[in-house]
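Subject: Structure for your review

Dear colleague,

Please find below the structure that I am handing over to you. I would be grateful if you would keep it open while reading the notes that follow it.

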Amino acid sequence: MDYNILIGGAAGQGMDSVSHALTKVLQKNGLYVYSTADYLSRVRGGHNFYQVRFADHPIYCSKKELDIIFALNEETLEKHLPRLKKDGISFCDSSIESFPETKKYDLIKKAKDLGNERVITSIGLAMIMRHLGLKLETAEEVIGEILRSEHVEMNIEALRYGYDLIDGGSEYDALKSDTILIDGNSAIGYGAVAAGCKFYCGYPMTPSSGVLGFMEAASEEMEIAVDQVEDEVAALNMALGASYAGVRAMTGSSGGGFALMQEAMSLAGMIEAPIVVVDVQRPAPATGLPTYTEQADLRFIIHSGHGEFPKKVIAIRNAEDGFYQTVRAFDIAEKYQIPVVILSDQYLADSNVNIEPFDLQSIEINRYLANPNDYEPGTYKRFEITEDGLSPRLIPGRANGNIVIVDSDEHDEMGRIEESAENRKSMMDKRFRRAENLISESEDPWEIGADDFDILVVGWGSTYGILKEAIEALNEDGHKIKGLSYADVFPLKTDKLLEYYEKAKSFIVVEQNMGGQFEGLIRQEALIKSDHLITKYDGRAFYLEELIEELKEVL
C-alpha cells in the first residue's frame, strides 16, 4: 500500500485543516504518513495545495504521482490532473463544469444547507475515507480533537453525509499506532524544551514562526520565558543576555532575519557565550519566496558574523533528527562556549510525519560550569587562557563574590579592554583552540544503501528522505549505490567521505540550491570534486520520481 492524495484550492478554503485531519486519521489507523504543504504568501486567494502520502511501511518523502485529487476550485484540476494515475480518482463540486473525467457532486449546496460553506472540506474528508475503506469513527474522533466545540456537530454531520455519498472500497483493518505526529519546527521546539531551554525570543518570519509559536505554547507549562521582540537584532542580543545570565537560550528566524543577527553573532564569538540559533531556510535573496523551500543559506551561515571565531552548523535531516540534534546543539554550545546554528528549511517545517516517541531517557544535560568555590573573590578570570582554550564559566551572582566581566572589545583574561598586539594574538589563539576538538565531536554522516557499491551519492540536511528512497529504489533495480547524508556540515568531517570516494567509480552530490554550496564545501575541505552535481532551486522540494530520473541520467 502506498497512496498519494492532493487537496487543492485557494487560501482560506480550509485545506490546511482538512489535510491535518486526514493526516491524523491515517496515523490513528496505524499507517505511515508524510504530508507536505505548497502555499502562497497571501491570506486569501492564489493556488494552494496539500499532499498527503501514506503507506503501510515507513516513508520518507513526497511523490509526484497522485491517487486521489479533491479539488476545491478549477485551478487545482488544471494544474494537477496530469499527475493523476490512470486508475486514480478526482472529485469536486458540480459548479466546476469542465474536466468531465472528474466526478462532480453538489458539495457546496450541501455544505450551505448544513450551515457553513467551509464544511465542504469535512464532506471531502469523509469521501476520501470511504474510498480508502477507512472507518468514519476515527474522523469523528479527530474532528472532536482539532475543532472548537461549537463547530464539531456541524462537521460531524458533514462527515456522515460525505461518507454515504459514494461507494466504499474494501474495509481497512486499523492497526494500533504508538507513533507521534509532528512537523519539523515542533520537533526543534520539543528538542529545546528537553534540553532545558529557559529563554526563547524571536520575531515572526515564515517559515521559522512555528518554532516561536511552539515555544510560546509550551512556555507556561515548562516555565520558559518567551518573548516576541521588535526585530531579530534584539532577538539574538536578548538571547545572549539570557545566556550570560546563566540560562540555556535560543532564538530563531529565516534568512532575512538571520541576516539582521550578524552583529550579535559576532558578539557571541567575542564574549564566548553559548547560544543556539535556528535558521529555517527559504528561497532568497531578500524576501524571495517566503513560503517555499531551499538549501541556500549554508555558506552564509558558515561565514556568519564579522571577524573570525569558531562556530558549529548542524543541518537537520528530518523531524526525529531535529529533536535529537537540537538537544545536542545545546550541549555543544555550552561545552565549547560557542554559537551553534541549526539549519532547517520550509520543506521540513511544514511536513507532518509520524515517528516513534522521543527517547527522553537518553537525554543527559551537562552545564559545563565551573565551581564558584574554586575562586576567591577577585581571582576569577572569565577569559582565562588555558591549554584547550576553554575558560572556566561562572554565572553572574553565583560567582563567590567575583564579577563576571564580558566586553565586545578585545579584552584580557579578566574581561577588561586590552588592545595590545600580544594580548590580541593570545586571545585569538585561545578562542580557536576551542575549535580544535569540534571535528572530533562531529558525527559521521548517515549511510544509505549498499555496502558493495560503485556509485557514491552525498547530500545534507532535508534531502535525507528523498535520497534514502531514491537510492533504495535504484538498488532494487540492480544498481549499487551508497548514500551519505550529512547533518554536521561545519566544520566538515571528511574521513568517511574520502574512504568511500576512493572506492566509488562515480561521485554525485545532490542539494536544493543553484550553486552547489555543499559540493563547493567538499571541494574546499576534502579536495575532491563531484562527477555530477544534481540541484533543484525552483523553491519546491524534489519529488521521488524526479530525483530517480535525474540520478538515472548520470548513472
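Strand β2 is joined to strand β14 (residues 352-355) by 2 bridges, and these strands run antiparallel. In β14, Asn 352 is the bridge partner of Ser 35. Please note that this is a predicted model.

Strand β2 is also joined to strand β3 (residues 45-55), here by 7 bridges, and again the pair runs antiparallel. Ser 35 has a counterpart in β3 as well, since it stands opposite Val 52. The connection from β2 to β3 is a hairpin of 6 residues. Is β2 largely enclosed or open? Of the 7 residues of this strand (residues 32-38), 6 are buried, so the rest of the structure largely encloses it.

A further sheet deserves your attention. It is open, has 7 strands with mixed pairing, and follows the order β9-β8-β10-β11-β13-β12-β18. Its edges are β9 (225-228) and β18 (488-490); each has a single partner strand, so one side of each is left without a neighbour in the sheet. From one strand to the next, the twist averages 20 degrees. Within this sheet, strand β11 (residues 275-281) and strand β13 (residues 339-345) run parallel and are joined by 7 bridges. In that pair, Ile 275 stands opposite Pro 339 of β13. As general background, the side chains of a regular strand alternate between the two faces of the sheet.

Turning to the helices, I examined α4. How far apart should its ends be? This helix has 13 residues (residues 120-132), and at 1.5 Å a residue it should span 18 Å; its end C-alpha atoms are 19 Å apart, which agrees. The helix is mostly covered, with 11 of its 13 residues buried. Among them are Ile 120, Gly 124, Met 127 and Leu 132. After α4 comes Gly 133, which has a positive phi, near 80 degrees.

Finally, I considered the cysteines. A disulfide is a covalent bond between the sulfur atoms of two cysteines. How many disulfides does a search of the whole structure find? The search finds 0. Cys 197, for example, is in no disulfide: the nearest cysteine sulfur belongs to Cys 201 and is 9.6 Å away, whereas a disulfide requires the two sulfur atoms to be within 2.5 Å. Cys 197 counts as buried because its relative accessibility is 1%, and Cys 92 counts as buried at 0%.

Yours sincerely

Technical notes:
Residues are numbered from 1 along each chain as its sequence is written. This is a predicted model: local features need pLDDT of at least 70, side-chain atom pairs count only at pLDDT 80 or more; totals for chains, interfaces and linings use all residues. Side-chain values use heavy atoms; hydrogens and water are left out. Helices (H or I, at least four residues) and strands (E, at least two) are DSSP runs, numbered from the N terminus. The expected span of a helix is 1.5 Å times one less than its number of residues. Buried means under 20% relative accessible area, exposed over 50%, partly exposed in between (1.4 Å probe, protein chains only). Two strands pair if DSSP finds at least two bridges between them. Axes are lines fitted to C-alpha atoms, for helices over the stretch in contact, and angles run from 0 to 180 degrees between N-to-C directions.
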